[in-house]
Amino acid sequence: MKVMLIDYGAGNVTSVERAMERLGAASRRSNSPECIAKAEALLLPGVGHYAALIRALDERALRAPLLEAIKRGVPFLGVCLGLQALYETSDEACELSGLNLLPGSVRSLPSTVKLPHMGWNQLKLTRSSRLLEGISADAYFYFAHSFAATNANGEAVAICNHGADFAAVIEKQNIFGVQFHPEKSADAGARLLQNFLRLAA
Amino acid sequence: MSLAHRIIPCLDTDGARVVKGVNFVGLRDAGDPVALAARYNAEGADELVVLDIAASRDRRPTFLETIRHVADELAIPLTAGGGIRSLDDARSVVRAGADKVTVNTAAVARPELISELSREFGAQAVVLAVDAKRLDDHWDVMVRGGRDSANRDALVWAQQGVELGAGEILLTSVDRDGTQLGFDTPLTVAISRGVNVPVIASGGAKLPEHFAEIFSEGAADAALAASIFHDNVQSIRELKQYLAARKIEVRLPC
């Protein structure tokens, strides 16, 4: 099984690629609709501005094959912006529509705390999680974001708090998403990626 | 559940090798950046910063190669900088494997650089390095490796930088750098309370007490040090255990 890393032109694809290499997993980056349509597992590693990601998906005609693949049951993992893209909209670019696979929208974290939410934070499990299996409940993960799904608790299996509660890990059938960066989260992150690979196999 | 205070080792390089000096001058060799990166990753460092302090044009390819090899060793975030003058310079370090880019002198000369980087990579990837030196009742911004005054108030500049799109401030006390007398607490408090982004305190660290103080009294979100880690004066693992025992939230490595 090979994981297709969706390379939309910005972001942390190289870091995810390196993380996959360290796990001995095969991955390939692509930005072609054909490759996404044929992928066995998909990973969307986003970082930066929400608008850049959504526009790139549309300009490169990746939205339709991506949605089709996910609907067919292809395992999907969204990282950071890649998770945010799953919701209906985001405050970061209200005029654009997200992938609409999860209900709710992405909001700015409150300015009562320092933003971006930058650094290592812990999770609060809300139900049992396949992605977090074998990872200690007090493990830390690396976050770097100012926006998050603060009102979307339905699919969240773990939440985090920075000024407000937000979805940190979501799992819905074959759809997985994490607000933090597992590729930068040391051993805990490596284990999470390994869990995704196992679930996708 | 709250954000952990970060411990960040810094590799000052001449492009290829780690060097060290006191008050930004008198450099000497301090080791192989790739080997040090691997060690810090294993010891529980929360991030790593790698700087090209020579920042000469012709050594650039060497520095990018260093970033690539360092990034290969890391499962934690990597910040790179030194000599970033343009969006293209930043793109090349990000492509080489840096998660964040730090700018200093070039941003003072042309503040729009901060906005250009922030638009391209997001604020979370733009670290404004501010080298500050006490001057009467305020702190003056220093540029060119701490040598020249920019005739600018450090707090005002930090606030401006955040306004322009910096997502983090790497604050170095030029007065304390290399002295091992401890971080500059009044400086760090002033900047950390004055901006709404995380502040990394740098310059002067030696003892675990220095780190405890800068987190508890200095309001720092992260603390950076170089030679005390390279020379094994302080182990990151033991430092974190010390801080955890004093109820300062840190990420303890397993």
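1. Let's start with a pair of residues in chain B of this predicted model. T79(B) has K100(B) as its bridge partner in strand β6(B). The two strands involved, β5(B) (residues 78-81) and β6(B), run parallel and are linked by three bridges. To get from β5(B) to β6(B), the chain passes through helix α3(B) (residues 87-96), and this β-α-β crossover is right-handed. Try tracing that path on the structure with your finger.

2. Now look at the other neighbour of β6(B). This strand also pairs with β7(B) (residues 126-135), again in the parallel sense and over three bridges. Here V101(B) is matched with V126(B) as its bridge partner in β7(B). What covers the faces of β6(B) (residues 100-103)? Both are covered by their surroundings: K100(B) and T102(B) are buried on one side, and V101(B) and V103(B) are buried on the other.

3. V101(B) is worth a closer look. Leaving aside residues up to four places away in sequence, V101(B) touches a list of residues that includes A80(B) and G81(B), I84(B), V93(B) and V94(B), as well as L117(B), F121(B) and V126(B). V101(B) is also among the residues with the most contacts inside the largest nonpolar core, which has 160 residues. Others named with it are L42(A), A168(A), L48(B) and I169(B). Which element gives the most to this core? That is helix α6(A) (residues 186-200), with seven residues.

4. The two chains meet, too. On the chain B side, 25 residues are in contact with 31 residues of chain A. What kinds of residue make up that side of chain B? They divide into 13 nonpolar, five polar and seven charged residues.

5. Over in chain A, strand β3(A) (residues 41-46) deserves a friendly highlight. Six of its six residues are buried, so β3(A) is largely enclosed by the rest of the structure. One side of the strand carries A41(A), L43(A) and P45(A), the other L42(A), L44(A) and G46(A), and both faces are covered. Strand β1(A) (residues 3-6) runs parallel to β3(A) and is joined to it by three bridges, with V3(A) partnered by A41(A). Five bridges join β3(A) to β4(A) (residues 76-80), also in parallel, and there G46(A) stands opposite C80(A).

6. Stepping back to chain A as a whole, its secondary structure comes to six helices and 13 strands. Why can we call it compact? Its radius of gyration is 15 Å, close to the 17 Å that the globule rule gives for 201 residues, so chain A is as compact as a globular protein of that length. The C-alpha trace spans about 45 × 40 × 25 Å along its principal axes, and buried residues make up 59% of the chain. Of the contacts between residues at least 6 apart in sequence, 69% join residues at least 24 apart.

7. Finally, a few backbone details to check for yourself. L115(A) and P116(A) are joined by a cis peptide bond, with omega about 0 degrees; P116(A) is in the loop between β6(A) and β7(A). Q173(A), which is not a glycine, has a positive phi near 50 degrees. Is Q173(A) buried or exposed? With 10 C-beta neighbours inside 10 Å, Q173(A) counts as exposed, and it lies in the loop between β12(A) and β13(A). In chain B, R144(B) also has a positive phi, about 55 degrees, without being a glycine. R144(B) sits in the loop between β8(B) and β9(B) and, with 14 C-beta neighbours inside 10 Å, counts as partly exposed.

Notes. Residues are numbered from 1 along each chain as its sequence is written. Chains are lettered from A and ligands numbered from 1 in the order in which they are written. This is a predicted model: local features need pLDDT of at least 70, side-chain atom pairs count only at pLDDT 80 or more; totals for chains, interfaces and linings use all residues. A nonpolar core is a set of buried Ala, Val, Leu, Ile, Met, Phe, Trp, Tyr and Cys residues joined through C-beta atoms within 7 Å. A residue is buried if 20 or more other C-beta atoms lie within 10 Å of its own, exposed if 12 or fewer, and partly exposed in between; C-beta atoms are placed from the backbone. Helices (H or I, at least four residues) and strands (E, at least two) are DSSP runs, numbered from the N terminus. Two residues are in contact if their C-beta atoms, placed from the backbone, lie within 7 Å. Ala, Val, Leu, Ile, Met, Phe, Trp, Tyr, Cys and Pro count as nonpolar, Asp, Glu, Lys and Arg as charged, and the others, Gly among them, as polar. Two strands pair if DSSP finds at least two bridges between them. A crossover is right-handed if, with the strands pointing away from the viewer, the path from the first strand over the helix to the second runs clockwise. The radius of gyration is taken over C-alpha atoms; the globule rule is 2.2 Å times the number of residues to the power 0.38.
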